[in-house]
Every structure is written in structure tokens, then in C-alpha cells.
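This report describes the overall architecture, the nonpolar core and the charged pairs of one protein chain. Please consult the sequence and the structure below while reading.

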Amino acid sequence: SDTSTACGFSPERMAATNETVEERFWRKDGSMLAGACSSSPALLASGMGSVVVFRDVSAEHATFRRSEALHQTLIANLPDISVFLLDQDLRVLAAEGEASRRFPWFSEDMFRGRKVSELYADIPGHLLDLSLEHYRAALRGERRAFEFDSDGLTFAVQAVPVHAEDGSVESALVLSSDITERTQAARRIARHA
């Protein structure tokens with residue numbers, strides 16, 4: 001009962017639900033322990049009760065933190081790429097990377113938490129329409145790629161579906177690469193040819 005109370009389960013809640021709650025606990029040595037407590041109703045010899053299972057998830061949390069740090073380092077150090085993550089409502093969950101910062105109208109803060117369709121005042125209209133078409137396709141499960149020119153820069157964009165464990169599409173990952181130098185070099189070669 002002490003464990004169930006520490007895990008946030010009241011006796012009424014324990015008897016009524018099957019759920020898992022994650023909490024942080026202090027070890028005797030003063031270090032922190034991340035624990036997952038699961039409660040499920042059970043028929044015991046003495047009547048109805050609950051079974052509470054405690055699992056140490058500290059290692060999983062540490063792995064996640066390392067993975068998150070690697071992700072942040074990778075995105076911050078890819079000089080010509082920006083990454084966006086969009087949910088099913090086309091709301092921007094993440095907007096990171098150097099490439100898009102080259103646009104005079106770009107700011108990472110203008111994206112986070114907003115729907116792409118709400119950015120019509122910040123993004124040139126033709127680019128917004130083109131982007132929405134491809135992002136919606138990615139959320140239907142299609143891989144899409146397109147290029148666009150804006151403010152003297154050329155970008156190649158890939159929009160790919162991100163699948164949940166059950167196979168459904170839960171979000172779209174958008175990778176935007178600044179290909180201005182490569183495109184200009186190809187045009188110079190074509191002119192000389």
C-alpha cells in the first residue's frame with residue numbers, strides 16, 4: 001500500500017483501472033530512480049484487490065536522454081539541413097536546423113506549436129500551398145519530394161511519413177536541404193556547355 005500511494009494510486013483508483021504511472025523516487029544513497037508502477041484489479045483470496053507492479057525504468061530514461069542529446073547534436077551540426085516534425089493536424093512539433101535560417105522571414109519560434117496553414121502571413125503563398133500539398137500526402141503515407149526557389153535560395157524538401165507501432169501514420173518528418181550552391185554550379189555548367 002505504501003508503494004501504491006507513492007505511485008499515485010488511491011485504493012479506489014487501484015481497484016478500478018489498469019494503468020501505468022511513472023514517478024521518480026529517491027534511493028537511500030541519494031540518487032534518483034525512475035520507476036513505472038502498474039496497477040490492475042485482481043481477485044484475491046480475501047476478495048477484490050489490486051496488484052501493483054513496480055519496474056525500474058532508469059536505464060530506459062538514460063538511453064532516451066542519450067538519444068535525445070545525439071539527435072540535438074546531429075541537427076545542430078548539419079550545416080545545410082533543417083528538420084520539421086508535423087502532427088496529423090499539420091501542427092509543427094519541432095523546427096530545427098541551420099538551413100532554413102537563411103531565409104529573411106524564417107524564425108524557429110514562428111513555427112513551434114503552430115499549424116502550417118496558420119503561417120500564411122509569414123511564408124510566401126506559393127511556397128505554403130506547395131508545402132501543404134506534399135505534407136498532407138506524407139500524412140496519408142506517401143513519400144514526397146519537391147524543390148523550390150525563394151529569396152535567391154534553392155531548397156530540396158523531402159516529406160516522409162512517421163509510422164506508429166500499429167503501422168498507422170502518426171506524423172510527417174520534413175527534411176529541407178539548401179541546394180543553392182549545387183544548383184547554381186549546375187546552371188553555370190549548363191550555360192558553358
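Is R144 buried, partly exposed or exposed? The relative accessibility of R144 is 23%, so this residue counts as partly exposed; the limit for a buried residue is under 20%. The model examined here is a predicted one.

## Overall architecture

The chain contains six helices and eight strands. Their order along the sequence is α-α-β-β-β-α-β-β-α-α-β-β-β-α, which places two helices at the start of the pattern and one helix at its end.

Of the 193 residues in the chain, 35% are buried. The accessible surface amounts to about 11,900 Å², and carbon and sulfur atoms account for 54% of this area. When contacts between residues at least 6 apart in sequence are considered, 35% of them join residues at least 24 apart.

## The largest nonpolar core

In soluble globular proteins, nonpolar side chains tend to be buried together. The largest nonpolar core of this model comprises 25 residues. Within this core, the residues that touch the most other members are L86, F111, V116, I123, Y135 and V174.

Several elements give two or more residues to this core: the helices α4 (108-111) and α5, together with the strands β4 (81-87), β5 (92-97), β6 (144-150), β7 (153-163) and β8 (169-178). Helix α5 gives the most, with six residues.

## Helix α5 and its neighbour β6

Helix α5 spans residues 125-139 and includes H134. With a relative accessibility of 9%, H134 counts as buried. Leaving aside residues up to four places away in sequence, H134 touches R144, A145, F146 and A159.

R144 is also the partner of E133 in a salt bridge, in which the closest N and O atoms are 3.9 Å apart. Because E133 lies in helix α5 and R144 in strand β6, this pair ties together parts that are eleven residues apart in sequence. E133 has a relative accessibility of 45% and therefore counts as partly exposed.

## Further salt bridges

Side chains of opposite charge can pair when their charged atoms come close. The structure holds four salt bridges in total. One of them joins R140 to E142, with 3.6 Å between the closest N and O atoms. R140 counts as exposed because its relative accessibility is 56%, whereas E142, with a relative accessible area of 32%, is partly exposed.

Another salt bridge pairs R187 with D149, and here the closest N and O atoms are 4.0 Å apart. This pair links distant parts of the chain, as R187 belongs to helix α6 (residues 180-192) and D149 to strand β6, 38 residues apart. R187 is partly exposed, with a relative accessible area of 43%; D149 is likewise partly exposed, and its relative accessible area is 43%.

Which residues are joined into one network by salt bridges that share partners? The network consists of E133, R140, E142 and R144.

## Summary of the charged and buried positions

Strand β6 takes part in two of the pairings described: R144 of β6 pairs with E133 of α5, and D149 of β6 pairs with R187 of α6. Strand β6 is also among the elements that give two or more residues to the largest nonpolar core. In helix α5, H134 is buried, whereas E133 is partly exposed.

Terms used
Residues are numbered from 1 along each chain as its sequence is written. This is a predicted model: local features need pLDDT of at least 70, side-chain atom pairs count only at pLDDT 80 or more; totals for chains, interfaces and linings use all residues. Side-chain values use heavy atoms; hydrogens and water are left out. Helices (H or I, at least four residues) and strands (E, at least two) are DSSP runs, numbered from the N terminus. Buried means under 20% relative accessible area, exposed over 50%, partly exposed in between (1.4 Å probe, protein chains only). Contact means heavy atoms within 4.5 Å. Accessible areas come from the Shrake-Rupley method with a 1.4 Å probe; for residues, only the protein chains shown count as cover. A nonpolar core is a set of buried Ala, Val, Leu, Ile, Met, Phe, Trp, Tyr and Cys residues joined through side-chain atoms within 4.5 Å. A salt bridge is a side-chain nitrogen of Lys or Arg within 4 Å of a carboxyl oxygen of Asp or Glu.
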